[in-house]
Amino acid sequence: MNLPFSESFRIKMVEAIHRSTREEREKWIKEAKYNLFALASDYVFIDLLTDSGTGAMSDRQWAEIMTGDESYAGARSFKKMHDVIEQLTGFKYVLPTHQGRAAENVLFSHLVKAGNVIPGNSHFDTTKGHIEFRKAEALDCTISEAADTQKELPFKGNVDPQKLDTALENHKGNVPFVIVTITNNTAGGQPVSMQNLREVREICNKHNIPLLFDSARFAENAYFIKTREKGYENKTIKEIVREMFSLADGMTMSAKKDAIVNIGGFFATNKEDWYEGSSIFGIMNEGFLTYGGMAGRDMAALAQGLLEGTEMSYLSDRIGQVKLLGDLLDEYGIPYQRPAGGHAIFVDAKKVLPNVPKEQLIAQTLGIELYLEAGVRGVEIGTLLADRDPITRENRFPELELLRLAIPRRTYTDNHIRVVAAALKNVFDRRNEIKSGYKIVKEKPIMRHFTVELERA
Ligand code: F0G
């Protein structure tokens with residue numbers, strides 16, 4: 001008999017989580033004005049709001065916490081982090097920041113000017129925010145197939161080379177860099193192939209434009225290259241990572257994802273002018289060049305996390321668990337962005353709740369139903385997140401209404417995943433009874449999803 005799959009770790013410390021009753025949850029979500037961000041975490045049984053900063057550190061990372069060096073300047077822990085990053089990516093300049101969006105802030109403060117255009121593949125919200133805040137444009141050049149949730153493509157996060165080439169032609173002289181997000185979070189945690197990265201590099205070379213990677217989930221991207229792209233089956237994750245970064249001029253990183261730490265980030269590059277320019281903003285906004293908003297112990301744990309996060313055994317556990325959720329949803333006939341991504345399953349809410357009108361927030365309604373069913377918290381990627389048009393102030397109704405179920409790293413067991421899938425099936429089974437959703441009673445002019453207040457429509 002073949003031995004069944006099992007994780008390549010055992011558990012040394014546990015944290016209790018609490019089941020609740022439906023009556024309790026009805027009260028709590030009403031008090032939270034039907035906003036999942038407003039729920040106390042104690043009221044959540046399985047929390048799939050995000051995979052960012054929510055992972056479990058290893059014994060070796062905790063050991064690094066104990067031996068971290070807290071010197072203001074020249075800390076040993078910074079050197080450790082610097083050396084691991086250089087060894088993995090080939091980038092010799094490393095600017096630490098407190099998290100990913102801070103790396104965007106310090107670099108974009110140096111590079112982005114009003115009227116610029118920055119092409120990429122589905123820029124993450126904060127990336128887009130930092131571009132638009134500077135009165136520049138984030139131009140999405142993702143392949144069109146990414147919007148069809150039922151289409152199975154191995155690299156659904158890819159850049160469309162034709163769209164990129166045209167964008168660089170049309171905006172000549174006005175593009176400070178191209179940004180590629182690996183994996184493509186917004187498109188469903190979908191990977192970008194090495195071939196696509198190479199094509200993007202060639203197009204950038206042709207137009208003489210530098211290339212930046214938003215690298216929050218670069219190791220998960222490398223896993224998909226190893227398992228799906230011809231010629232990479234026998235390479236190690238670390239070899240693939242090195243090859244990926246050899247195609248870029250720099251990287252921003254939210255270490256809360258693939259470095260498996262609770263807080264941290266950095267910008268890394270070989271371009272001296274980028275490092276020099278952004279380090280001024282680093283010192284002003286984050287901290288001195290050798291800590292940038294992080295404690296020494298956190299930098300040391302980050303270094304260790306990067307080494308573990310780029311191990312194949314870890315990545316197959318991690319991405320295997322996301323796939324398990326996808327497989328269970330397949331079994332129950334519940335549609336989601338196919339194939340399963342690296343960090344999350346994005347449930348296609350329009351298909352799950354066909355009777356809820358779009359004005360009544362379809363994906364949010366599904367998120368609330370799932371919470372009421374079993375205390376599982378996901379996050380809406382739909383009308384609330386899309387916000388209003390800045391000029392007309394009308395609601396923007398995106399083509400896709402998704403409920404993202406992001407899986408924290410090394411945190412939940414496969415049994416928790418089974419609970420999530422079963423809860424979703426129960427909601428799906430009574431989809432014909434769910435005919436109405438929610439309406440907005442109070443909202444902020446920007447980033448409304450975090451604080452919006454709703455009531456039943
Ligand atoms: N880039 C990507 C692709 C991200 O997914 C995130 C964060 C960031 C940048 C910003 O990093 O949070 O450390 O400042 N994504 C989280 C999420 C919040 O839930 O997907 P940060």
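The following paragraphs lead through a predicted model, taking in turn an enclosed helix, the largest cavity and the cysteines.

Helix 8, which spans residues 218-228, is a useful place to enter the structure, since nine of its eleven residues are buried and the helix is therefore largely enclosed by the rest of the structure. The buried residues run through Phe218, Ala219, Glu220, Asn221, Ala222, Tyr223, Phe224, Ile225 and Lys226. The elements that cover these buried residues include helix 7 (194-207), helix 9 (237-246), helix 11 (296-309) and helix 12 (312-332), together with strand 7 (250-254).

Turning to internal space, a search of the whole structure finds one cavity of 30 Å³ or more, and the largest cavity holds about 70 Å³. Its lining is made up of Asn35, Leu36, Phe37, Leu49, Gln364, Gly378, Val379, Glu380, Leu384 and His449. By residue class, this lining of the largest cavity comprises five nonpolar residues, four polar residues and one charged residue.

The cysteines remain. A disulfide is a covalent bond between the sulfur atoms of two cysteines, and a search of the whole structure finds zero of them. For cysteine 141 the reason is distance, because the closest cysteine sulfur, in cysteine 204, lies 10 Å from its own sulfur, which is too far for a bond, whereas a disulfide requires the pair to be within 2.5 Å. Cysteine 204 is likewise in no disulfide, the nearest cysteine sulfur being that of cysteine 141, 10 Å away. Cysteine 141 is buried, with a relative accessible area of 2%, and cysteine 204 also counts as buried, at 0% relative accessibility.

Conventions: Residues are numbered from 1 along each chain as its sequence is written. This is a predicted model: local features need pLDDT of at least 70, side-chain atom pairs count only at pLDDT 80 or more; totals for chains, interfaces and linings use all residues. Side-chain values use heavy atoms; hydrogens and water are left out. On a 1 Å grid over the protein atoms alone, a cavity is a set of points where a 1.4 Å probe fits but cannot get out, and a pocket is an open set with protein on both sides within 12 Å along at least five of seven lines; lining residues have an atom within 4 Å of a point. Grid points are joined across faces, edges and corners, and a volume is the space filled by probe spheres set on the points. Ala, Val, Leu, Ile, Met, Phe, Trp, Tyr, Cys and Pro count as nonpolar, Asp, Glu, Lys and Arg as charged, and the others, Gly among them, as polar. Buried means under 20% relative accessible area, exposed over 50%, partly exposed in between (1.4 Å probe, protein chains only). Helices (H or I, at least four residues) and strands (E, at least two) are DSSP runs, numbered from the N terminus. Contact means heavy atoms within 4.5 Å.
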